Structures are given as structure tokens and as C-alpha cells.
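Visitor: I would like to go through this model with you and ask how each label is earned. Shall we look at it together?

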Amino acid sequence: MADTRVSTNNLDSFWMPFTANRQFKQDPRMLVSAKGMYYKNAEGRQILDGTAGLWCVNAGHARPKIVEAIATQAGELDYAPAFQMGHPKAFELASRLTAMLPSPMDHVFFTNSGSESVETALKIALAYHRAKGNGSKFRLLGRERGYHGVNFGGISVGGIVSNRKMFGTLLTGVDHIRHTHDLERNAFTRGVPEHGEEFADDLEQVITLHDPSTIAALIVEPVAGSTGVLIPPKGYLEKLRAICDKHDILLIFDEVITGFGRLGTPFAVDYFGVMPDLITTAKGITSGTVPMGAVFLQKKIYDAFMNGPEHVIEFFHGYTYSGHPLACAAALATLDTYAEEGLLTKGAMDADEPGDGKGLGTYWQTALHSLRGMPHVIDIRNIGLVGAIELESIPGAPTKRAFNAFLKAYEKGVMIRTTGDIIALSPPLIVEDHHIDEIVATLAMVLKDLE
Ligand SMILES: Cc1ncc(COP(=O)(O)O)c(C=O)c1O
């Protein structure tokens with residue numbers, strides 16, 4: 001007899017990640033297909049994607065070249081062991097990726113997610129210092145309000161209280177510097193804020209406290225995404241770089257969100273002109289189609305491991321699916337799509353007319369800031385094709401106002417994302433001015449009636 005618990009209408013079994021499960025299951029928001037800039041939901045309504053899925057679908061949905069590459073690859077080579085064996089597309093992809101960055105950043109380690117990229121980068125940093133004879137450098141530094149995925153290393157260096165408090169002692173030997181969000185001085189800044197370079201001095205202070213001889217690496221998101229689009233103040237990242245150099249500390253940029261065109265440049269390193277020692281990526285690498293991540297690292301780091309007998313594994317780390325053939329095929333087709341359509345610079349600032357097919361950053365900025373003065377709005381910020389609208393919290397009920405905005409926007413046909421009481425926006429990079437108009441007009445309606 002069929003098990004009566006098995007039913008497509010039974011929503012109970014699936015414990016949904018980072019979701020208010022009970023709320024969702026009472027009133028499900030079910031997406032059933034997607035094309036270009038739009039999802040379609042189970043009720044047959046079009047939902048404009050204001051968030052590139054989860055900051056990942058940078059090339060837009062169901063792009064033919066990517067779809068075809070995945071389908072062809074599945075029929076040709078579905079899987080190849082990742083350890084002691086290889087397949088050509090992984091090497092081709094690594095070369096293509098490293099060619100996108102200046103020359104010392106010339107090696108790539110493949111993972112399957114942003115969280116895994118972070119764990120990989122942290123482990124490389126620790127093992128690098130040990131390989132160089134500096135095994136006392138065991139401490140890892142992160143920043144308040146940093147998001148580096150959900151594994152133990154990532155939540156330890158991360159700075160989100162709810163992601164940490166339930167999980168015991170986490171990784172030991174970790175410390176944090178302050179975040180840079182400073183509404184008092186920087187509210188309604190367009191682009192990079194003026195004030196706050198001195199937040200980087202925290203790093204000297206933490207280093208002095210622990211002594212540089214104990215510190216392996218600092219990890220930061222160049223622009224913190226998940227905690228609400230926190231844009232680094234002028235001069236801040238440069239200062240972090242200089243302090244890390246001074247004390248032989250590796251600097252890791254977590255570009256899981258900022259990588260692959262989000263800021264109007266291929267990577268945040270291009271936008272800010274600051275080069276870290278390692279870069280973690282995921283999401284946009286395959287435009288969200290097949291799970292994949294990649295850690296970029298400088299030659300000096302790779303070389304530090306390449307010694308000892310040649311038959312011995314140099315780095316005891318990797319995943320069954322590192323460089324999975326489907327992910328590599330998807331990534332190669334994604335890079336082609338980005339290049340053919342100029343998507344990695346689509347969010348650049350541009351004084352030209354809207355709709356001229358060039359950078360949309362200026363249009364995006366002007367449109368978002370037109371919401372200034374709407375009820376509850378205490379800040380609007382933007383960089384590239386990312387933006388945030390910060391709302392005043394309802395006293396005693398933090399997150400509720402923004403969550404209501406999310407529900408109302410979805411009802412009106414636009415998918416936004418909220419974190420705390422901040423609305424975060426990051427549309428696919430194929431976005432056009434009329435989509436931006438639709439997002440902003442919908443938000444204006446939502447904000448007008450928001451409790
Ligand atoms: C900066 C950053 N690092 C890491 C992650 C984790 O990525 P994933 O969810 O693919 O594990 C995210 C996800 O949003 C992120 O924004």
C-alpha cells in the first residue's frame with residue numbers, strides 16, 4: 001500500500017534552510033520555473049527577480065548556452081574522480097579564471113559552495129604558515145557582521161550572532177575587528193562612503209593584543225552582503241592590506257557575492273584596487289546553475305606546498321565534487337555568456353543615456369535613491385548593481401517590518417531579500433532600466449503602506 005505520508009502537497013518533511021518554516025508552510029511561496037529576469041510561481045504569476053536568486057544568478061535564468069553546456073556534459077562525462085584523476089574542463093576553467101585576475105593570483109582550488117570555499121581558504125592559510133616554518137601563526141581574524149557561510153570555520157570568523165550562538169565554542173583562537181557600518185556619518189551615501197577609514201586601526205589593536213607571531217589570516221567581505229550591503233569606507237581596504245603586509249598576515253577577500261560582476265567590475269579587487277592573498281568565490285561562477293565554488297590564491301602560496309617527495313599529496317583537503325564536470329561545463333558557458341554580453345561591467349557607473357546598453361550603475365543609483373523620504377527609510381546605499389534600503393525597526397520587533405516588506409513585494413510580483421530590517425537588492429546583471437523602474441515602483445508602493 002502506498003505510504004500516505006508521501007504526497008507532493010505535503011510540505012512537512014523538508015526542513016527548509018534559513019527559513020521561517022511554519023510561516024512558509026502556512027502560505028508557501030513556490031517557484032516553478034524561471035527565464036531571463038523572471039520567475040514563475042505555482043499560481044502562474046511572473047515574479048521579477050530583484051535578487052538574482054540568492055545573489056547568484058548573475059547571467060539571468062535559463063540562459064541557452066549554459067543550459068546546453070550542462071545537458072551536453074551530463075551525457076559526455078557525468079563524473080570523474082576528483083582525487084588523483086582529472087578531466088580537461090577543470091584545467092581549462094582554472095586557466096580561464098586565473099586569467100581574469102592579475103598574475104600573482106594564478107591558482108584555483110575548486111569547491112562546491114561559498115561555505116566550502118571559506119573553509120578551504122582558512123585551512124590553506126593555516127597550512128601555508130606551517131609549511132613556511134611559522135606554525136605559531138594559528139589565529140584567524142574576522143569582522144563583526146561578516147558572513148562567511150555556515151560551516152564551523154566560517155561561523156567562527158563570521159560576525160552574525162544568530163549564526164554563532166547555538167553552536168558551542170566554535171573554532172578557538174579567533175578574534176574580530178569592528179564592522180564599518182556608520183549610519184550617523186554615512187547615511188544616504190551614493191557609492192563608497194567617506195567616513196570610517198579608521199575602523200581599520202582595530203586590526204593593529206587586535207594584532208598587538210595577540211602578537212603578530214600568532215596570527216595567520218584576516219578574512220573580510222570587501223562589501224559585506226548578507227548583513228545588509230555594508231560598503232567599505234574610502235581607504236579602509238588599503239589600510240587592512242598594509243597592516244597585513246606589515247605583520248606577514250594573509251588577507252582573504254570573501255568575494256562569494258562581489259565576484260563575477262556584482263560591483264560593475266569582474267571582482268571587488270578590480271573595483272577597489274586592493275589585492276588580497278586569497279579570494280573565495282562561488283555563486284556567480286556558474287550563475288547559480290550548478291553548485292560550485294573556487295578559491296583563488298597567489299603563486300607564493302601554491303609554491304609553499306610544492307615540496308617534499310613528488311608522490312606525496314601536498315595538501316590534505318578536497319571534496320568528492322571538487323571541479324565536478326557539470327559545474328565546470330556550466331562555469332565555462334557562464335564565463336562565455338558574461339564575456340559575450342559584457343555582463344561583468346554592466347553595473348559600472350556611466351553618464352550616458354539610460355538604455356544605451358552601457359553601464360547601468362548610475363541609473364540604478366538614481367532609481368534607488370528616489371526612495372529617500374519614503375516612510376521608515378533611514379538609509380539607502382548602493383554600489384555596482386547592489387543596493388540596500390535600511391528601515392527603522394518596529395520597537396520590540398526587529399526584522400518584522402522588513403519581512404513584511406518582503407511578503408508584500410512578493411505579492412506585488414517582485415522578489416527582494418531582507419536581512420534584519422534591511423532590504424537588499426541585487427538583480428541579475430542582464431537587468432535593464434525598465435526592470436529597475438519596476439523594482440523601484442513596487443518598492444515605493446510597498447513602503448507607502450508598510451506598518
Ligand atoms: C560572502 C559569503 N561567503 C560565503 C557564503 C556562503 O555561501 P554558500 O551559501 O554557497 O555556502 C555566502 C553566501 O551568501 C556569502 O555571501
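Visitor: What value does phi take at D211, just after α9?

Guide: D211, which comes just after α9, has a positive phi of about 80 degrees. D211 is a residue other than glycine, and its place is the loop between α9 and β7 (215-220). Before we go on, please keep in mind that this is a predicted model, where local features need pLDDT of at least 70, side-chain atom pairs count only at pLDDT 80 or more, and totals for chains, interfaces and linings use all residues. Residues are numbered from 1 along each chain as its sequence is written. Helices (H or I, at least four residues) and strands (E, at least two) are DSSP runs, numbered from the N terminus.

Visitor: Why does D211 count as exposed?

Guide: The label rests on counting other C-beta atoms, placed from the backbone, within 10 Å of a residue's own: 20 or more is buried, 12 or fewer is exposed, and anything in between is partly exposed. D211 has 11 C-beta neighbours inside 10 Å, so D211 counts as exposed.

Visitor: And what makes F188 partly exposed?

Guide: F188 has 14 other C-beta atoms within 10 Å, so F188 is partly exposed. F188 also has a positive phi, about 65 degrees, although it is not a glycine. Look for F188 in the loop between α8 (183-186) and α9 (201-210).

Visitor: How do you know that the buried residues of α9 line one face of the helix?

Guide: The buried residues in α9 are D202, L203 and I207. Viewed down the helix axis, the buried residues of α9 fall within an arc of 135 degrees, so they line one face. That arc is taken from the directions that run from the helix axis to the C-beta atoms. On the other side of α9, Q205, T208 and L209 are exposed. Among the elements that cover the buried residues are β6 (174-177), β7 and α10 (236-246); contact here asks for C-beta atoms, placed from the backbone, within 7 Å.

Visitor: What makes β8 and β9 a pair?

Guide: Two strands pair if DSSP finds at least two bridges between them. Three bridges join β8 (residues 250-254) to β9, and the two run parallel, so the pairing rule of at least two bridges is met. One of the bridges links D254 to T280 in β9. Strand β9 is also joined to β10 (residues 293-297), by four bridges and in the antiparallel sense, with I279 bridged to F296.

Visitor: Which way do the residues of β9 point?

Guide: L278 and T280 point one way from β9 (residues 278-281), I279 and T281 the other way, and all are buried.

Visitor: Why are β11 and β14 said to stand at the edges of their sheet?

Guide: Four strands form that open sheet in the order β11-β12-β15-β14, with antiparallel pairing. β11 (377-383) and β14 (417-419) each have a single partner strand, so one side of each is left without a neighbour in the sheet. The partnership of β14 with β15 (residues 422-425) is antiparallel over three bridges, and T419 stands opposite I422.

Visitor: Which residues are closest to the ligand?

Guide: The closest are S113, G114, S115, G149 and V256, and 14 residues surround the ligand, with nearness set by a C-beta atom, placed from the backbone, within 6 Å. Helix α5 (residues 114-131) gives the largest share of this shell, three residues.

Technical notes. Contact = placed C-beta atoms within 7 Å.
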